[in-house]
Amino acid sequence: MPLLEDLTVYEDGDVFSVYDHSFEDEPGRGRKLGEIVKQGEEYVPSGFGAVYEHPSPALTIDDAVAAFVGSA
């Protein structure tokens, strides 16, 4: 179950990829948990790691990342 400090977010335009880097056996950036897509002024978390109840879409990137904390 990842803690906030285990997560790394990589930005590519309006897409933010969320990885859990605490999995040392995963190659590269770690285990990909999902993505956050910016749509206008909202951030929409998606993927198997975005499992925790959270108002979706979120109004800040921080709130969208919170959907991944504790997911793996």
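The following exchange goes through the sheet, the side-chain contacts and the burial of residues in a predicted model.

User: What kind of model is this, and how are residues numbered?

Analyst: The model is predicted, so local features need pLDDT of at least 70 and side-chain atom pairs count only at pLDDT 80 or more, while totals for chains, interfaces and linings use all residues. Residues are numbered from 1 along each chain as its sequence is written, and side-chain values use heavy atoms, with hydrogens and water left out.

User: What makes β1 and β2 a pair of strands?

Analyst: Strands are DSSP runs of E of at least two residues, and helices are runs of H or I of at least four, numbered from the N terminus. Two strands pair if DSSP finds at least two bridges between them. Strand β1 (residues 7-12) and β2 are joined by six bridges in the antiparallel sense, so the pairing criterion of at least two is met. Thr8 stands opposite Tyr19 in β2, and Glu11 has Phe16 in β2 as its bridge partner. The hairpin of β1 and β2 has two residues between the strands, and Gly13 takes a positive phi near 70° there.

User: Which other strands pair, and in what order do the strands lie in the sheet?

Analyst: β2 is joined to strand β3 (residues 31-39) by six bridges, again antiparallel; Val18 has Gly34 in β3 as its bridge partner. β3 and β4 pair antiparallel over five bridges, with Pro45 in β4 as the partner of Ile36. The hairpin of β3 and β4 also has two residues between its strands, and Gly40 in the turn has a positive phi of about 70°. The four strands make an open sheet in the order β1-β2-β3-β4, with antiparallel pairing.

User: Why are β1 and β4 said to stand at the edges?

Analyst: Each of β1 and β4 has a single partner strand, so one side of each is left without a neighbour in the sheet. From one strand to the next the twist averages 25°, with axes taken as lines fitted to C-alpha atoms (for helices over the stretch in contact) and angles running from 0 to 180 degrees between N-to-C directions.

User: Why is β2 called largely enclosed?

Analyst: Buried means under 20% relative accessible area, exposed means over 50%, and partly exposed lies in between (1.4 Å probe, protein chains only). Five of the six residues of strand β2 (residues 15-20) are buried, so the strand is largely enclosed by the rest of the structure.

User: How do you know that Tyr10 and Tyr19 form an edge-to-face pair?

Analyst: Rings of Phe, Tyr and Trp (its six-membered ring) pair if their centres lie within 6.5 Å; planes under 30 degrees apart count as stacked, over 60 as edge-to-face and the rest as tilted. The count by this rule is two aromatic pairs. One of them is Tyr10 with Tyr19, at 5.6 Å centre to centre with 80° between the planes, hence edge-to-face. Tyr19 is buried at 14%, whereas Tyr10 is partly exposed at 30%.

User: What makes Arg29 and Arg31 count as charges over rings?

Analyst: The rule asks for NZ of Lys or CZ of Arg within 6 Å of the ring centre and within 35 degrees of the ring normal. The charged end of Arg29 sits over the ring of Tyr10, 3.8 Å from its centre. Arg31 lies over the face of Phe23, 3.7 Å from the ring centre.

User: Why is the contact of Glu26 and Arg31 called a salt bridge?

Analyst: A salt bridge is a side-chain nitrogen of Lys or Arg within 4 Å of a carboxyl oxygen of Asp or Glu. Glu26 and Arg31 meet at 3.5 Å, N to O, and Lys32 and Glu35 have their closest N and O atoms 3.1 Å apart. The count by this rule is two salt bridges. Glu26 is partly exposed at 27%, as is Arg31 at 26%. Lys32 is partly exposed at 34%, and Glu35 is partly exposed at 27%.

User: Is Gly49 buried or exposed, and where does Gly49 lie?

Analyst: At 0% relative accessibility, Gly49 counts as buried. Gly49 lies in the loop between β4 (42-46) and α1 (61-65). The C-alpha atoms of Gly49 and Asp20, 29 residues apart along the chain, are separated by 9.5 Å.
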